[in-house]
Amino acid sequence: MILVTGGAGFIGANFVLDWLAIHDEPVINLDKLTYAGNPETLQSLQGDARHTLVQGDIGDTALVNQLLSTHQPRAVVNFAAESHVDRSIHGPGEFIQTNIVGTFNLLESVRGYWSGLPEDHRDGGAAPTKGNFRFLHVSTDEVYGSLKKDEPAFTESSHIEPNSPYSASKAASDHLVRAWHHTYGLPVLTTNCSNNYGPYHFPEKLIPLMIVNALAGKNLPVYGDGQQIRDWLYVKDHCSAIRRVLEAGRLGETYNVGGWNEKANIDIVHTVCALLDELRPRADGQPYKGQITYVTDRPGHDRRYAIDARKLEREFGWKPAETFESGIRKTVQWYLDHPDWVAHVQSGAYRDWVQKQYA
Ligand code: NAD
Ligand code: DAU
């Protein structure tokens, strides 16, 4: 049994779906179901006894304590977070609350549970023990700040220099996780990943927003000069890296996850437009790139991220399965095939329905 937090969001849901496609080990999925969490993403698991979705907050100590003592997980994988940089600029409070205070409360609950586990197996069974328990914290490359054009990619020993309220809150949570290991001995692992893309990505983030807006005939808003660089990884490759670190990661270590796919934003938007021109041409025969509109830049916009993932490769032989070309084609096709999912996550009515179902 593992406890996953934030498993109704983009990466968490992909992780849960992949986990249960590979393993029979059950998952308790604790998710607050904010605007970014959608049970519909997990619809294929309805009636599957291996998956239990619980609506709740990682900061709700009573609930988390109860889940831990009832289900006795051997691991906690923490995806739960407020994740969108633009939202963190407009309203940082929720980011502080979930990403910092929530992580603190979660760590304290997990510490209480872990300290009550037996030292070792008495019967050679698979039950959790102090020694085999793991807390894996899912974090971001944004904690390292921004790179200049010719600087080498971030390694695990790069300085922590977050620039947005989002990245500062994630860096704070990473520090808490580190401290809970060094001070209390909690068996933690941290992953710092680059930009993900793929199925179930909420259409406020660059790639899904561009696909959805293009199809709706809307503007494709490119911030500033569009020359900012992000390092892209297909979400299922992030999930495979997390599984590997959970299995074999060295306690207290951080692992960078990335696919060596640095791209300027404007090139990403052109790629999306070209794929749509091929797969779903506009009715008037005009190219989608005509919808590109340069807009005011994001305040404090980080210029470049790039991840050096060689530690993961060296220690575990991990490599991404997708190239950017294969992953982006799959992603565009997925959005073309799932207009209902997009319509539902965008609709206020859907949010009301979620609140009612899980009230
Ligand atoms: P997301 O916004 O799509 O999903 C976040 C999930 O967490 C949602 O289901 C939401 O309902 C849930 N949640 C929010 N607050 C909660 C709380 N207080 N208690 C319980 N659940 C809560 O985010 P994502 O893109 O899937 O990111 C998941 C994790 O991965 C985050 O920690 C993020 O920082 C990290 N990360 C994301 C990326 C990326 O490119 N998206 C890259 C690296 C790391
Ligand atoms: O690097 C990992 C991070 O990647 C994660 O930790 C975050 O949770 C995730 O949201 C993502 O952050 P970014 O800010 O890089 O992602 P976003 O999709 O918001 O933006 C990607 C780039 O595209 C960024 O340079 C801003 C730009 N952009 C974004 C939007 C939404 C635009 O030019 N126009 C847009 O409309």
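Seven strands make up an open sheet here, running in the order β3-β2-β1-β4-β5-β6-β10 with parallel pairing. The edges are β3 (51-55) and β10 (254-257), each of which pairs on one side only. Bear in mind that this is a predicted model. Below is a quick tour of the sheet, a helix that packs on it, and one serine, S88.

**The sheet**
- On average, neighbouring strands of this sheet are turned by 20 degrees against each other, direction ignored.
- Take β1 (residues 2-5) and β4 (residues 75-78): these two strands pair in the parallel sense, over four bridges.
- Within that pairing, L3 sits opposite V76 in β4.
- As a general reminder, strands of a sheet pair through backbone hydrogen bonds, either parallel or antiparallel.

**A helix on the sheet**
- Helix α5 (residues 165-184) packs on the sheet, where it touches β5 (134-140) and β6 (188-193).
- The direction of α5 makes about 155 degrees with that of β5.

**S88 and its surroundings**
- You'll find S88 in helix α3, which covers residues 85-90.
- S88 has a relative accessible area of 0%, so it counts as buried, the cut-off being under 20%.
- The side chain of S88 reaches the backbone nitrogen of Y166 at 3.0 Å.
- Leaving aside neighbours within four places in sequence, S88 is in contact with F95, S164, P165 and Y166.
- Two of those partners, P165 and Y166, fall in the residue range of helix α5 (165-184).

Terms used
Residues are numbered from 1 along each chain as its sequence is written. Chains are lettered from A and ligands numbered from 1 in the order in which they are written. This is a predicted model: local features need pLDDT of at least 70, side-chain atom pairs count only at pLDDT 80 or more; totals for chains, interfaces and linings use all residues. Side-chain values use heavy atoms; hydrogens and water are left out. Buried means under 20% relative accessible area, exposed over 50%, partly exposed in between (1.4 Å probe, protein chains only). A polar contact is a pair of N or O atoms within 3.5 Å; within protein, one must be able to donate a hydrogen and the other to accept it, and residues adjacent in sequence count only if both atoms are side-chain atoms. Contact means heavy atoms within 4.5 Å. Two strands pair if DSSP finds at least two bridges between them. Axes are lines fitted to C-alpha atoms, for helices over the stretch in contact, and angles run from 0 to 180 degrees between N-to-C directions.
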